[in-house]
Amino acid sequence: MDYVKINGRSFDVGVGISDYEENFNVLDGPNAGRSTGTGRMIRDVLGTCIGHKVTFFNSGSQPAFDALWSYLLEHSVDDSVQLSAADGQSSISYEAYYTSGKRSLKQVHHGVNRWDEIEVNFVPIRPQLTP
């Protein structure tokens, strides 16, 4: 079953997940860099962050879908949000931030915009994997 929760607020009605794109970034600390003598890379691994690009779609309720966009905009200035989501096969839940999002216009019906998808890149606040 699809569900979307941000900071505990549910967006289940009218919002579904059409795609997850998983990514990871290895974070190095201040002691990482190239040796001046040999050029060998010296790592200072702090951990690995596993993030997601989540694509939400309008599953039937334009007001609920618009509310998700408004909520994302309103909380884009927060230090972090608690993301919980499932697409029927897998689920994710972690503290994250996001610095961008986009939405696609599906149609204009009687002067009202109907949006098709919202895409947001969620970045974990802290590494999920550490040495």
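Reader: Where is the place of Thr48?
Author: This is a predicted model. Thr48 sits in a strand that covers residues 45–58. That strand is β6.

Reader: Is Thr48 buried or exposed?
Author: The relative accessible area of Thr48 is 14%. Buried means under 20%. Thr48 therefore counts as buried.

Reader: Which residues does Thr48 touch, not counting residues up to four places away in sequence?
Author: Thr48 is part of strand β6. Its contacts beyond four places in sequence include Pro127, Gln128 and Leu129. The others named are Phe24, Asn25 and Val26.

Reader: How many Å apart in space are Thr48 and Gln128, C-alpha to C-alpha?
Author: Thr48 touches Gln128. In sequence, the two are 80 residues apart. In space, C-alpha to C-alpha, Thr48 and Gln128 are apart by 6.1 Å.

Reader: Val26 lies in which strand?
Author: Val26 is one of the residues that Thr48 touches. The strand holding Val26 runs over residues 15–28. That strand is β3.

Reader: Is Val26 buried, partly exposed or exposed?
Author: Val26 has a relative accessibility of 38%. Buried needs under 20%, and exposed needs over 50%. Val26 lies in between, so Val26 is partly exposed.

Reader: What accessible area do Phe24, Val26 and Val45 have together?
Author: Phe24, Val26 and Val45 form a patch on the surface. The patch is nonpolar. Together, its accessible area is about 270 Å².

Reader: Asp44 is buried yet has no salt bridge; what is the nearest side chain of opposite charge?
Author: Asp44 is in the loop between β5 (41–42) and β6. A salt bridge needs a distance within 4 Å. The nearest side chain of opposite charge to Asp44 is 8.6 Å away. That side chain belongs to Arg43.

Reader: Which residues is Asp44 in contact with, leaving aside its neighbours within four places in sequence?
Author: Asp44 lies in a loop. Its contacts include Leu27, Asp28 and Gly29. The others named are Pro30, Asn31 and Ala32.

Reader: What is the phi of Asn7?
Author: Asn7 is in the loop between β1 (2–6) and β2 (9–10). Most residues other than glycine have a negative phi. Asn7 is not a glycine, yet its phi is positive. The value is about 55 degrees.

Reader: Is His110 buried or exposed?
Author: His110 lies in the loop between β9 (101–109) and β10 (112–124). Its phi is positive, near 55 degrees. The relative accessible area of His110 is 73%. Exposed means over 50%. His110 is therefore exposed.

Technical notes:
Residues numbered from 1 in each chain as written. Predicted model: local features only at pLDDT ≥ 70, side-chain atom pairs only at ≥ 80, totals over all residues. Heavy atoms only, no water. Helix = DSSP H or I, 4+ residues; strand = E, 2+ residues; numbered from the N terminus. Buried < 20%, exposed > 50% of the residue type's maximum accessible area, 1.4 Å probe, protein only. Contact = heavy atoms within 4.5 Å. Patch = residues over 30% accessible without salt bridge, like charges linked within 9 Å, V, L, I, M, F, W, Y side chains within 5 Å. Areas by Shrake-Rupley, 256 points an atom, 1.4 Å probe, with all protein chains shown as cover. Lys, Arg positive; Asp, Glu negative; His and termini not counted.
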